[in-house]
Every structure is written in structure tokens, then in C-alpha cells.
Amino acid sequence: MNPPYGRAIGFWIAKAYAAAQAGATIVALIPARTDTIWWHEYVTRAAEIRFLRGRVRFGAAKSGAPFPNAVVVFRAMKDG
């Protein structure tokens, strides 16, 4: 999942977390916004969080993203 990086991202992350609790495995490329409510409510409960070194760059783009990113894996957890 690569959700839109605007104000609605919290809804996408909440849905990913809920889908994982229902049995799905969700892998998301998201901005590493550790100062947000959605990060603390959902991402901190993820099965895995991998912070990417450097800035993400797509295709032949001349520059990378202006913020750090993370790959987050949501999956059902026994005590989550």
C-alpha cells in the first residue's frame, strides 16, 4: 500500500491496521511521521517497522522525497 501522503493518511493507516487484525497482511510505504497521532496509535503496533536510509526516489526523478519514509508491515498479532 502506498497511501496518499495528505491529511487522509491516518484513515488509510487505521484501515490497514483493522484489515491486519482481520487476518490480512499489509505492507505500506509511508512517511516516517513519528510526531503524528496515527503513527502512535497504529504504526507503533505494527509487526515490523523498517526505516529507509536516505530519501525515496521514484523512476528518473531528479530528487527524492522531502521527508524520511518507512516500510511498515501490519499483520494479525496474538496480543495486538
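Visitor: How many salt bridges does the structure hold, and what makes a pair a salt bridge?

Guide: There are two salt bridges here; the term asks for a side-chain nitrogen of Lys or Arg within 4 Å of a carboxyl oxygen of Asp or Glu. This is a predicted model, where local features need pLDDT of at least 70 and side-chain atom pairs pLDDT 80 or more, while totals for chains, interfaces and linings use all residues. Residues are numbered from 1 along each chain as its sequence is written, and side-chain values use heavy atoms, leaving out hydrogens and water.

Visitor: Why are Arg50 and Glu48 called a salt bridge?

Guide: Their side chains meet at 3.1 Å, N to O, which is within 4 Å, so the pair qualifies.

Visitor: And what makes Arg75 and Glu48 a salt bridge?

Guide: The N to O value for Arg75 and Glu48 is 3.2 Å, again within 4 Å, so this pair qualifies too. The pair links distant parts of the chain: Glu48 sits in strand 2 (residues 48-51), and Arg75, 27 residues apart from it, in the segment after strand 3. Through shared partners, salt bridges join Glu48, Arg50 and Arg75 into one network.

Visitor: Why is Arg50 called exposed?

Guide: Buried means under 20% relative accessible area, exposed over 50%, and partly exposed in between, with a 1.4 Å probe and protein chains only. Arg50 has 52%, so it counts as exposed. Glu48, at 26%, falls in between and is therefore partly exposed, and so does Arg75 at 33%.

Visitor: Is Asn69 buried or exposed, and how do you know?

Guide: Its relative accessible area is 2%, under 20%, so Asn69 is buried. Asn69 is found in strand 3; strands (E, at least two residues) are DSSP runs, numbered from the N terminus.

Visitor: What makes Asn69 and Tyr5 a polar contact?

Guide: A polar contact is a pair of N or O atoms within 3.5 Å; within protein, one must be able to donate a hydrogen and the other to accept it, and residues adjacent in sequence count only if both atoms are side-chain atoms. The side chains of Asn69 and Tyr5 are joined at 3.1 Å, so the distance fits. A polar atom of the Asn69 side chain also lies 3.3 Å from the backbone oxygen of Phe67.

Visitor: How do you know that strand 1 and strand 3 pair?

Guide: Pairing requires that DSSP finds at least two bridges between two strands. Strand 1 and strand 3 (residues 69-74) have six, in the antiparallel sense, so they pair. Val27, for one, has Val73 in strand 3 as its bridge partner.

Notes
Helix = DSSP H or I, 4+ residues; strand = E, 2+ residues; numbered from the N terminus.
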